[in-house]
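I opened the notebook to follow one helix and its surroundings, and afterwards one contact between chains. Here is what I looked up, entry by entry.

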Amino acid sequence: MADTVQFDLVSPERRLASVQAREVQIPGADGDMTAMADHAPTITTLRPGVLRVVHAGGTDDYVVSGGFAEITAASVSVLAEQALPKGEVTQALFDGMLAEARAAASAAEAGSVDVAAKTLADMLAMGEQIGLSGRV
Amino acid sequence: MASLKDLKNRIASVKSTRKITKAMQMVAAAKLRRAQDAAEQARPYTERFNAVMASLASAAGGSASAPRLLAGTGQDMVHLLVVMTAERGLCGGFNSSIAKLARSHAETLVRQGKTVKILTVGKKGREALKRDWGQCFVAHVDLSGAKRIGYVNAQEVARDVLGRFDAGEFDVATIFFSRFESVISQVPTAQQVIPAKFEDTGAAETLYDYEPSEEAILADLLPRGVATQVFAALLENAASEQGARMSAMDNATRNAGDMIDRLTIVFNRSRQAKITNELIEIISGAEAL
């Protein structure tokens, strides 16, 4: 039995990663999940967070926001609206993302307030996880 | 007959024109490579996205609770045409062929008694359509500031379109752009984005678990789908523009070369004629003595 899955991380602008991964930790909208070989076929949307890939060469962290992941027994494809290797996320970049989320949260109309607020909260949590502060 | 001096000036000016068109052609070639790369990079995302959307849409499309972006408003009266062209000219028939397609589309719709609204992306299309369809313009997105087309640009366009859809300004949205086939062939294309249409890939259907629910995912992804399609179209357009410019400039360079050859022949002949004339004058002057 194969113990690795084909992992692809693509954003609209480029393909970030394509490796044989042992496990992939995905920040799903309803909670984190780890996908390994022979996972049940699943499609989940993403929340802003850190995606961790464990493969033979080590562990890679990516910061993703929005999009979805398609998991099958032999492959994991993550289509993220925005995705960057963790090392490339600077405080300035994070501030920009945060400012956008804040603007969306304050501009949100009734009905989408919860969604925008959750995005913002997720964003802040993600910042804490990667060691960047979310102060204004 | 133009004087020798005039001819010389003319040749010099055509020569410098040729230099300019040659330079533009080379710049376009370099930009084309970059644009093609960008389009290539974006392809995996678009393909995967559409595949997943197709399976989701076929599952949820039939139900009455399908999102409006997928099912439509139930009407077909107001059409929004999103016309995407270049910010700059000098690229052959690129801009005008997109505008022409949009115009014929708009004419057909109006003849059927429907309302047409036009959103332009890129200055050239706006100029081309302004005279006949200016009263239908609802908005314009200016991309001249963007050096490279990014997903952000597509999101900007998509946000505008979706905002209008939510406000009930139109029922059907179609994007117009040029599909890049090769350097010498770009095909103006119309593609309907709202209500969303996905080609059924017909691939073996896997039964997926959905987290959160299928409807929630669909509602989350449909707006992104609009941005994705706009992005893909923008990239195709960028590649097409450079391709069209490249072949247009190649033609111009060749024409300038031909013109220089012709002018040079005329120049040489008239120089010769002048010399002969002078000789005749001298000889007949000498004979008269």
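Before looking at any side of a helix, I noted that a residue is buried if 20 or more other C-beta atoms lie within 10 Å of its own, exposed if 12 or fewer, and partly exposed in between, with C-beta atoms placed from the backbone. I kept in mind that this is a predicted model, in which local features need pLDDT of at least 70 and side-chain atom pairs count only at pLDDT 80 or more, while totals for chains, interfaces and linings use all residues. Residues are numbered from 1 along each chain as its sequence is written, and chains are lettered from A in the order in which they are written.

Entry 1, the helix itself. I took helices (H or I, at least four residues) and strands (E, at least two) as DSSP runs, numbered from the N terminus. Helix 3 of chain B has 18 residues and reaches 26 Å from its first C-alpha to its last, close to the 26 Å expected at 1.5 Å a residue, where the expected span is 1.5 Å times one less than the number of residues. After this helix comes Gly113(B), whose phi is positive, near 80 degrees.

Entry 2, its two sides. Which residues of helix 3 of chain B are buried? I found Phe94(B), Asn95(B), Ile98(B), Ala99(B), Ala102(B) and Ala106(B). They cover an arc of only 115 degrees around the axis (taken from the directions from the helix axis to the C-beta atoms), which puts them on the same side of the helix. On the other side, Ser104(B), Thr108(B) and Arg111(B) are exposed. Lys100(B), also in helix 3 of chain B, is partly exposed, with 15 other C-beta atoms within 10 Å.

Entry 3, the neighbouring helix. The axes of helix 3 (residues 94–111) and helix 4 (residues 123–133) of chain B come within 9 Å and cross at roughly 35 degrees; axes are lines fitted to C-alpha atoms, for helices over the stretch in contact, and angles run from 0 to 180 degrees between N-to-C directions. Counting residues as in contact if their C-beta atoms, placed from the backbone, lie within 7 Å, I saw that Ile98(B) and Ala102(B) are among the helix 3 residues in this contact, and that Ala128(B) and Leu129(B) are among those of helix 4.

Entry 4, between the chains. The contact takes 21 residues from chain A and 22 residues from chain B. Strand 4 of chain A gives the most to the side of chain A that touches chain B, with four residues.

Conventions: Contact = placed C-beta atoms within 7 Å.
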